[in-house]
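User: I have a structure on screen and would like to know what stands behind the labels people attach to it. Could you take me through the reasoning?

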Amino acid sequence: MALNDLDLSCRIGSLTLQNPVLTASGTFGYGREFESFVNLHRLGAVVVKGISLAPRRGNPPPRVVETACGMLNAIGLENVGVERFLAEKMEYLRGMRATVIVNILGDSVEEYAELAGRLDGAEGVAAIEVNISCPNVKKGGVAFGTDPEMAASVTRAVKGATKLPVIIKLSPNVTDITLMAKAVEAAGADAVSLINTLLGMAIDIRTRKPRLANVVGGLSGPAIKPVALRMVWQVARAVQIPVIGIGGIATPEDGLEFLIAGASAIEVGTANFVNPRACEEILAGIGNYLETQKMTSLRELVGTLAA
Amino acid sequence: MAPLQLTAEILRRETIAPELIRLTFLAPDLAAAARPGQFLMLRVGEGRDPLLRRPLSIHQVTSNGWVQVLFKVVGQGTRLLAALAPGQGVDVVGPLGNRFAMESHGNHCLIGGGMGIAPLYFLARELERSNPPERVVPLLGARTAKELRPLADDFVALGLEPRLATDDGTLGHHGLVIDHLSELMASGEPWRVYTCGPYPMMRAVAKICREQGWECQVSLETMMACGISACLGCAIPAAQLDGPYKHVCKDGPVFGAEEVAWL
């Protein structure tokens, strides 16, 4: 069977994606950074760098440090702001016929709602992913992501401000992630994506200084995959809405594990830094696997974890 | 031009001093596109640890498609790179970043410390190759003669007369490479300065150039995860401290000394 006879599509709320491989926000810029490596229109969606109402300059350096099988980052949500994003970044993505999901972040419920409203009518925006979990900025972010009521109120505010499908991106830095998932589902979220980075730190023993200027940062990469997979499995059993799996996916096999655990789609993050072609390679590998399993659609695989 | 990702065949691996490795690989498209000051991101193995590519400046390219990088073995990643043997492949992304702005007239001074010498050799070759300026003076420093001599010899082979300095006094001036700048100052003429090396050295060079009114280009190095301005990890403070950060991979690695903050 030819690959194009395979039905790789997946549904996120009212949105149907042609395939389940998405880019993770913050690891793919605004798409154009990968123009010489990836055919953006072939991806399930491009999830762009998190956007705030006003531009943000981000944290002081050093912002990244390599750790065992992964990396820590404390970029501090540097971004061009929603107006410049719409004016300067969207045109290219539309021209490339990319399916665009805009990741948003704010310091208050009102900001999230305003952002969602601003994106609501924007041409070419297919969905909104809400970052309630970035651990790097001192005010805002972390509180929404670790308190079910706060997460629910952000979800309601965003849903009230847009007709676009709304994906809530969950933080793993909580005791029970299923409580967060259920709270945002009840508040109207169309899907959840997880996990964001795990809070971590590293120290230079020579100087006894933290390796990140922000002291703590988000751990990503293959090191976090088992934790992410476990959380995706838990959440997929706890909610009815689609789950998008994220966390250390670097190969088709990694992605397949998440799909088997119950994810309807996946986001590829840190792997884009290591291999700028990672997304398309993972997509091809997933297609090949389905073929060898004599499956005709992705849906036959999702959530089929054997006892 | 847009960066490439390719697997290049290793042609040669030379240990030119203890822990100092020069790697030559075949990458004709990359060699044709590369300009002095640009860098590459090299994958250091197939595995997941170490995970990230290593940024290395381009040391030299040739018209027959050879590309060279020069590096010191300082950790796990560079140790794996140093273990690559001829015939093996290395996964390369590049050329990345901007380039040195070159002029074909006037006095040029190239100030390199340690591995910072690597991109300056590419620059010296290009300056000498086409329409050479009146004067090109390299000032080169390293810890010790063993490290410095093979690198300095390459500049001599171009017909240049590098002024040398070592920390231990085993070759050239016993002390800092910037001590040689007094000779240039004494010339009473303006110089166009290019520098790459340890941060304190570049800061001192930038200060002297500002005082002398000389144009100065610095090639900076930071931690970076991607090299293609996706991670935004390579931020550095701009001269205007409360303004937006600059990013070494995209705005650099070559900056005007007055563009960045010297902290």
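User: Which hand does the crossing of helix 6 of chain A and helix 7 of chain A have?

Analyst: Happy to help, and keep in mind that this is a predicted model. The crossing of helix 6 of chain A and helix 7 of chain A is right-handed. That label is used if the near helix is turned clockwise from the far one by less than a right angle.

User: Why are helix 6 of chain A and helix 7 of chain A called roughly parallel?

Analyst: The axes of helix 6 (residues 225–238) of chain A and helix 7 (residues 252–261) of chain A cross at roughly 25°. Angles under 35 degrees count as roughly parallel, and therefore this pair earns the name. The two axes also come within 8 Å.

User: Which residues meet where helix 6 of chain A touches helix 7 of chain A?

Analyst: From helix 6 of chain A come A:Lys225, A:Leu229, A:Val232, A:Trp233 and A:Ala236, and they meet A:Asp254, A:Glu257, A:Phe258 and A:Ala261 of helix 7 of chain A. By class, that contact has six nonpolar, no polar and three charged residues.

User: What does A:Val232 touch, leaving aside its neighbours within four places in sequence?

Analyst: A:Val232 is in contact with A:Leu194, A:Val243, A:Gly245, A:Phe258, A:Ala261, A:Gly262 and A:Ala263. A:Val232 also belongs to the largest nonpolar core, which has 190 residues. There, A:Ile128, A:Val192, A:Val232 and A:Ile266 touch the most other members. Helix 3 (residues 117–129) of chain B gives the most to this core, with eight residues.

User: What makes helix 2 of chain A roughly parallel to helix 4 of chain A?

Analyst: The axes of helix 2 (residues 109–120) of chain A and helix 4 (residues 148–161) of chain A come within 8 Å and cross at roughly 25°. With the limit for roughly parallel set at under 35 degrees, helix 2 of chain A is therefore roughly parallel to helix 4 of chain A. Their crossing is right-handed.

User: How do the residues of the contact of helix 2 of chain A with helix 4 of chain A divide?

Analyst: They divide into eight nonpolar, three polar and one charged. Among those on helix 2 of chain A are A:Tyr112, A:Gly117 and A:Asp120, while helix 4 of chain A brings residues including A:Ser153, A:Val158 and A:Gly160.

User: Which residues of helix 5 of chain A are buried, and what covers them?

Analyst: The buried residues of helix 5 (residues 177–186) of chain A are A:Ile177, A:Met180, A:Ala181, A:Ala183, A:Val184 and A:Glu185. Their cover includes helix 4, strand 9 (166–169), strand 10 (191–194) and helix 6 of chain A. After helix 5 of chain A comes A:Gly188, with a positive phi near 110°.

User: How do you know whether B:Arg53 is buried or exposed?

Analyst: Count its surroundings: B:Arg53 has 24 other C-beta atoms within 10 Å. The cut-off for buried is 20 or more, so B:Arg53 is buried. B:Arg53 sits in the loop between strand 3 (39–42) and strand 4 (54–57) of chain B. Not counting residues up to four places away in sequence, B:Arg53 touches A:Val274, B:Met41, B:Leu42, B:Arg43, B:Val93 and B:Gly227. B:Arg53 and B:Gly227 are 174 residues apart in sequence, yet their C-alpha atoms are 8.7 Å apart.

User: What makes A:Ser297 partly exposed, and why is A:Val215 called exposed?

Analyst: A:Ser297 has 13 other C-beta atoms within 10 Å. Exposed needs 12 or fewer and buried 20 or more, so A:Ser297 falls in between and is partly exposed. A:Val215 has 12 such atoms and is therefore exposed.

User: What is notable about phi at A:Val215 and A:Lys294?

Analyst: Phi of A:Val215 is near 70°, a positive value in a residue other than glycine. A:Lys294 has a positive phi of about 60° although it is not a glycine. A:Val215 lies in the loop between strand 13 (209–210) and strand 14 (216–220) of chain A, and A:Lys294 in the segment after helix 9 of chain A. With 8 other C-beta atoms within 10 Å, A:Lys294 is exposed.

Conventions: Residues numbered from 1 in each chain as written. Chains lettered and ligands numbered in written order. Predicted model: local features only at pLDDT ≥ 70, side-chain atom pairs only at ≥ 80, totals over all residues. Axes fitted to C-alpha atoms, helices over the stretch in contact; angles between N-to-C directions. Helix = DSSP H or I, 4+ residues; strand = E, 2+ residues; numbered from the N terminus. Parallel < 35°, antiparallel > 145°, perpendicular 65-115°, else oblique. Contact = placed C-beta atoms within 7 Å. Nonpolar A, V, L, I, M, F, W, Y, C, P; charged D, E, K, R; others polar. Core = buried A, V, L, I, M, F, W, Y, C linked by C-beta atoms within 7 Å.
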